[in-house]
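Subject: Handover of a structure and summary of findings

Dear colleague,

Please find below the structure that I am handing over to you. I would be grateful if you could read the notes after it with the model open beside you.

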Amino acid sequence: MKYFITLLFTVFVVAVCSAQEPDILRQLPKAGRSGGQNKTDTSKSARDNALGFEHRDDKKDSISISYKYLDSVRINRLDSSINDFDKYFSVPSSWQYLGNNGAAAYPLIYTPNLKPGWDAGFHAFDVYRYKLEDTKFYKTTKPFTQLSYQLASGKEQMIKALHTQNPRQNWNFGFDYRLISAPGFFITQNTNHKSYRLFSTYQGKRKRYAAYFVLMGNTIKNSENGGITNDSSLADPNKKKRYAIDVNLGNALNYTPNPFNASVSTGNIDKDLTFFLRQTYDIGKKDSVAVNDSTTEYLFYPKLRAQYTFTYSHYNYLFQDLSADTLIYKTWYDTVLKTQLLDTFSVHEKWSVISNDFSLLQFPDTKNSAQFLLAGARIENIRAQFYRATAIESKNYYNIILHGEYRNKTRNKLWDVLLKGEFYLNGLNSGDYKANASIDRYLNKKLGDVRLFFTNVNRSPSFIYNSLSAFNFKNATISKKENIISFGAEAHNQFVNLGFKNHLITNLAYFSDYYHTAQSTKVINLLQLFASKKIKLTKKINWYAEAVVQQTDGSAPVKVPLVFTRNRLAFEGVYYKNLNLSTGLEVRYYTPYEGYNYSPVMGQFMPQDTMKLKNLPDISAFFDFRIKSFTAYIRAENLNTVSVADGFGFTNNNFAAPHYPTQGLMIRFGIQWNFIN
């Protein structure tokens, strides 16, 4: 409690200082002045202007900042809205994590693996990793820094930092950093994840040469307890302190949560590193425009582009148990340890992938660089190291891939067409392919835009299903390729957002229990319907409603709730010209279903039919506000766990998976501050 009192006092001081406009904040334009007081700041332009994300007449007091993703032509702006906690937390609300921030997690709204080619098969911690495809390449008129800190019950902490700047108009660089540290409430549940990313873009003065650079890494440290031994222990009045409850793995006497303990005696230690460098050179038509008497702006319209991309990635996967329970490993994994009681147990493998890609791009429309044809080839060199009991076994593989793309985002911004494909010509994953097509049409301001899409993927099962994998215990290799067809449509407008997806999955490989692998013999048909809408109940009260319906065969290895819904009821508005407020209740609920179990050693979620998750709705209360560039929030989660049996407490836990209870009451407090230098 003393931590929260200190932080609340800090927020009060900061809020007062912000209202008095210190020098750093005077660079930001005023929020809500054009509309006067007590007018809700709901428009995107108003939100952006509140943080100075667009140019104003007073150029000294403004910043223009935008970003693009890799291989995207869409320009994005920073979102300064404050009413969605998904912006601040590490796990989206449509995902379920195993009872602690940083623990293994899976999506409640099913998403198939649409990546052909080599894949190690470890995805339980993907939601916490920085990924190359999520890298943002910025362009900004002034240095921009965003600092975030979150503190929660159980001594949980999260730190995030972003900085980007353009030292020159044609050169941008920056970095991202995130730390997640959560001791957890149960024995052997602590997590400690670190992620960093350095990024840069450069364009030559004559605009012929360009380069993109990314260096990023993730360290995942997750202690694993295998779930509690007896679910009825949750109702024991003598075990309201949850670390008094026995767990399956890593039991320790006199256990006390310690936020400074980053060691893992039982659990996963995964590390990855990626170096990415893309260089392009254009041939085309040059031009120039005189900006003033001493400055000339060089223009260049490409007709042909040569593009070379080099990527190096290294992956290290380790599960270890320094005090392994012989009975558990015999029962769950049919593995006999050396001693009869406790022994050291570990499973370890490493991968390195070097990729060289050369592509040619041709631009049919001289003045539209968002319309192009691409043809290219890529070669991957893959090296594996499997740590056996007596030696390290090494294997070398390769892939040769051909790929092509047609993209046309029309100059009038009404149409966006994409045709893209890749084929694995030879190597480890020979015969894999991916083909996808999409078409977007902007109708008008009232009707918004619509999108149609189609994807077909033929992929080798992830390498964990290969008998050579160190994480494959006594299973034959599954070599029959998975085939996935996904298609659907979306509509986004000012009234409602609607969409549907249909997935047809053939030969899905999966874990049938803690270590046995299997492959589905039937075609899995999964239909998903989506809808979301903002409903204005009164001038100040808004209802944000989201719903997803999913339907598949109950006997399929894909397990999903029939209905998932998230609703936020918020009192919102702008007060005293600069105070942007959003406070209310949030409810998340999904219908009962036979949710996945989890295999700690393999790091895999697996279907089960022995327990149906029948959870109460997750209820949270929140109070968020922003004063200029400073944002703060306080949130009380899992109010639904309140119980008066055997005394008042928040002990009526929901379950994330069989024998994996979620937390009781969680108080989260966080701040986010943007700086313009």
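The notes below go from the chain as a whole to its cavities, its aromatic residues and three individual residues.

Please bear in mind throughout that this is a predicted model.

The chain as a whole

The chain is built from 34 strands and four helices. Of its 677 residues, 51% are buried. When contacts between residues at least 6 apart in sequence are considered, 64% of them join residues at least 24 apart. The accessible surface of the chain amounts to about 31,100 Å², and carbon and sulfur atoms account for 58% of that surface.

The cavities

Rolling a probe the size of a water molecule over the atoms shows where empty space is left. How many cavities of 30 Å³ or more does the structure hold? There are six.

The largest cavity has a volume of about 380 Å³. Its lining consists of 23 residues, and those that lie nearest the centre are Y97, R588, D618, E637 and N638. Four elements give two or more residues to this lining: β2 (95–97), β25 (579–590), β28 (618–627) and β29 (630–637). The largest share comes from β2, which supplies three residues. By class, the lining of the largest cavity has nine polar, seven charged and seven nonpolar residues.

The second largest cavity has a volume of about 90 Å³. It is lined by 14 residues, and F122, N268, D270, M602 and G603 are the closest to its centre. Two elements, β10 (266–290) and β11 (296–325), give two or more residues to the lining of this second cavity. The largest share, three residues, belongs to β11. The lining of the second largest cavity divides into nine nonpolar, three polar and two charged residues.

The aromatic residues

A search of the whole structure finds 42 aromatic pairs. One of them is formed by F630 and W673. Their rings are 5.2 Å apart, centre to centre, with 75 degrees between the planes, and the arrangement is edge-to-face. Which parts of the chain does this pair tie together? F630 lies in strand β29 and W673 in strand β34 (residues 666–676), so the pair ties together parts that are 43 residues apart in sequence. The two partners can also be described by their accessibility: F630 has a relative accessible area of 1% and is buried, whereas W673, at 22%, is partly exposed.

Strand β29, which holds F630, is also among the elements that line the largest cavity.

There is in addition an aromatic cluster made up of W118, F122, Y315, Y317, W351, F386, Y397, F463 and F471. F122 appears in the account of the second largest cavity as well, as one of the residues closest to its centre.

Three individual residues

Q663 sits in the loop between β33 (660–661) and β34. Is Q663 buried or exposed? Its relative accessibility is 4%, so it counts as buried, the limit being under 20%. Leaving aside neighbours within four places in sequence, Q663 is in contact with Y97, G99, N100, N101, F185, N638, T641, N653 and R668. Two of these partners, Y97 and N638, are named above among the residues nearest the centre of the largest cavity.

P658 is found in the loop between β32 (655–657) and β33. With a relative accessible area of 4%, P658 is buried. Which residues does P658 touch, not counting those up to four places away in sequence? They are G595, Y596, N597, Q608, M611 and L613. P658 and N597 are 61 residues apart along the chain, and 5.9 Å separates their C-alpha atoms.

T140 belongs to strand β4 (residues 136–140). T140 is buried, its relative accessible area being 6%. Apart from neighbours within four places in sequence, T140 is in contact with I63, S64, I65, T164, Q165, N166 and N172. The C-alpha atoms of T140 and I63 are separated by 7.1 Å, although these residues are 77 apart along the chain.

With kind regards

Definitions and conventions
Residues are numbered from 1 along each chain as its sequence is written. This is a predicted model: local features need pLDDT of at least 70, side-chain atom pairs count only at pLDDT 80 or more; totals for chains, interfaces and linings use all residues. Side-chain values use heavy atoms; hydrogens and water are left out. On a 1 Å grid over the protein atoms alone, a cavity is a set of points where a 1.4 Å probe fits but cannot get out, and a pocket is an open set with protein on both sides within 12 Å along at least five of seven lines; lining residues have an atom within 4 Å of a point. Grid points are joined across faces, edges and corners, and a volume is the space filled by probe spheres set on the points. Ala, Val, Leu, Ile, Met, Phe, Trp, Tyr, Cys and Pro count as nonpolar, Asp, Glu, Lys and Arg as charged, and the others, Gly among them, as polar. Buried means under 20% relative accessible area, exposed over 50%, partly exposed in between (1.4 Å probe, protein chains only). Contact means heavy atoms within 4.5 Å. Accessible areas come from the Shrake-Rupley method with a 1.4 Å probe; for residues, only the protein chains shown count as cover. Rings of Phe, Tyr and Trp (its six-membered ring) pair if their centres lie within 6.5 Å; planes under 30 degrees apart count as stacked, over 60 as edge-to-face and the rest as tilted.
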